[in-house]
Amino acid sequence: MIKAELEKEIQNFLKTSEEDKLHLFTMADGRIRGALFNGTRFVNQIRAQHKLGILETYILGQAALCGALTIPMMKDKENLAIKFEGNGPAGGYSIEADSAGFIRGYLFNENIPLEKPLDSWDLKPFLGGGTLSFSRMHKDDKLPQMSSVYVENGNIALDFAEYFAQSEQINTAFNSSIQFDKSGMVTGAGAMYLQVMPKTGGIKNSGSGIDSNVEESDEDKILLQKVENAFKACPSLGLLYSEKEVDSEDIIVGLFREFKPVITLKRDIIFNCPCSEEFFINHIRNLPKAELEDIKKNGPDPLEITCRNCGSVFHIKTERL
């Protein structure tokens, strides 16, 4: 990937911001696990790579933030392709994430037509309804494991939660937000998920003989309701990160103090793509012989190739083919 340079104004703003990190945590004696991601630089890099407008940044940024939250759920050396195909003018999006902490992706339509100025962040007019698909590939799998659900929430975080509820049958909540200033600059971006762990092995005081499918006790229901209420009380994460008044640990402890959260790990999440000039040269060399000869003879020279996953632009001289 050819890393796009952020504008000076953005670079200066980010100098005093908390660094991008994914904070993993558990709470309620292991009954709940979660992660919080400060993705302010991450979203700014996505925008710079694809040269996106405000609406396009908001959609792809939200999808990538939520995609980043799936990384802690992965097994060793696993990658995940997330695709939404909708009937709105945005078309949809594609996000790829791997267990090493890398994300790449793109919008199907990077120039969404607007009939009037934006008056809300409801994405339903732009995404419409459509199919949200998750395709997982583990290092030992011969074929990917794919499942999909139909969603039409107009909210990407709710779409992800609905996927996990329907397809994975795991009670998972997602929250993501992006903050823009008056000039349209991304000043804050963040996402969080919480996931209810099954009783078996989930609570240290419970034995492994407990059936994880048993109906929740009244005590469990009260606990989960309190956790849900605390999660819903979370202010806009994008706004919190833009104001620089709290850091990620403050947010986790402040929201969930009652449930004794423990931060277990901090890790990097990076927007990155393995594309390179050599990759595209090898791809072109595998074209049909007649087509390859036509390119060498008639050009254009150099060829201009844009990687759809990261927006990198490569200029390849035909003599290298």
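## Pairing in the open sheet

Two strands are said to pair if DSSP finds at least two bridges between them. With that in mind, the predicted model can be read strand by strand, beginning with strand 1, which covers residues 22–27. Strand 1 is joined by 5 bridges to strand 10 (residues 262–267), and these two strands run antiparallel; one of the pairs brings Leu-24 together with its bridge partner in strand 10, Leu-265. Strand 1 is also joined to strand 2 (residues 32–38), here by 6 bridges and again with an antiparallel course, and in this case His-23 has Leu-36 of strand 2 as its bridge partner.

These strands belong to an open sheet of 5 strands, whose order is 8-9-2-1-10 and whose pairing is antiparallel. Strand 8 and strand 10 are the edge strands, since each of them pairs on one side only, and neighbouring strands of the sheet are turned against each other by 15° on average, with direction ignored. Strand 8 is linked to strand 9 (residues 186–196) by 9 bridges, the two running antiparallel, and Ser-177 stands opposite Gly-190 in strand 9.

## Strand 1 and the helices across the sheet

Is strand 1 enclosed by the rest of the structure, or open? Of its 6 residues, 5 are buried, and strand 1 is therefore largely enclosed by the rest of the structure. Two helices lie across strands of this sheet: helix 6 (residues 218–232) lies across strand 1, strand 2, strand 8 and strand 9, and runs at about 175° to strand 9, while helix 8 (residues 248–256) lies across strand 1, strand 2, strand 9 and strand 10, and runs at about 25° to strand 1.

## Loops with particular backbone angles

Strand 1 and strand 2 form a hairpin with 4 residues between them, and Ala-28, which is placed in the loop between these strands, has a phi near 55°, a positive value in a residue other than glycine. Because its relative accessibility is 14%, which is under the 20% limit, Ala-28 counts as buried. Gln-169, found in the loop between helix 5 (156–168) and strand 8 (172–180), likewise has a positive phi near 55°, but with 69% relative accessibility Gln-169 counts as exposed.

Another backbone feature is the cis peptide bond that joins Asp-301 and Pro-302, with omega at about 5°; Pro-302 has its place in the loop between helix 10 (289–298) and strand 12 (303–306).

## A buried alanine

Ala-90 lies in the loop between strand 3 (78–86) and strand 4 (92–98), and it counts as buried because its relative accessibility is 0%. When neighbours within four places in sequence are left aside, Ala-90 is in contact with Ile-59, Phe-108, Asn-109, Ile-112, Phe-126 and Leu-127. Its C-alpha atom is separated by 10.0 Å from that of Lys-124, a residue 34 residues apart from Ala-90 along the chain.

## How helix 2 meets helix 3

Two packed helices are described by the angle between their axes and the distance between the axes. For helix 2 (residues 40–50) and helix 3 (residues 54–69), the axes come within 10 Å and cross at roughly 125°, and the two helices are therefore oblique to each other. Their crossing is right-handed.

In this contact, Phe-42, Val-43, Ile-46, Arg-47 and His-50 of helix 2 meet Ile-54, Thr-57, Leu-60, Gly-61, Ala-64 and Leu-65 of helix 3. The residues of the contact divide into 7 nonpolar, 3 polar and 1 charged.

Key
Residues numbered from 1 in each chain as written. Predicted model: local features only at pLDDT ≥ 70, side-chain atom pairs only at ≥ 80, totals over all residues. Heavy atoms only, no water. Axes fitted to C-alpha atoms, helices over the stretch in contact; angles between N-to-C directions. Parallel < 35°, antiparallel > 145°, perpendicular 65-115°, else oblique. Left-handed = near helix turned anticlockwise from the far one by under 90°. Contact = heavy atoms within 4.5 Å. Nonpolar A, V, L, I, M, F, W, Y, C, P; charged D, E, K, R; others polar. Buried < 20%, exposed > 50% of the residue type's maximum accessible area, 1.4 Å probe, protein only.
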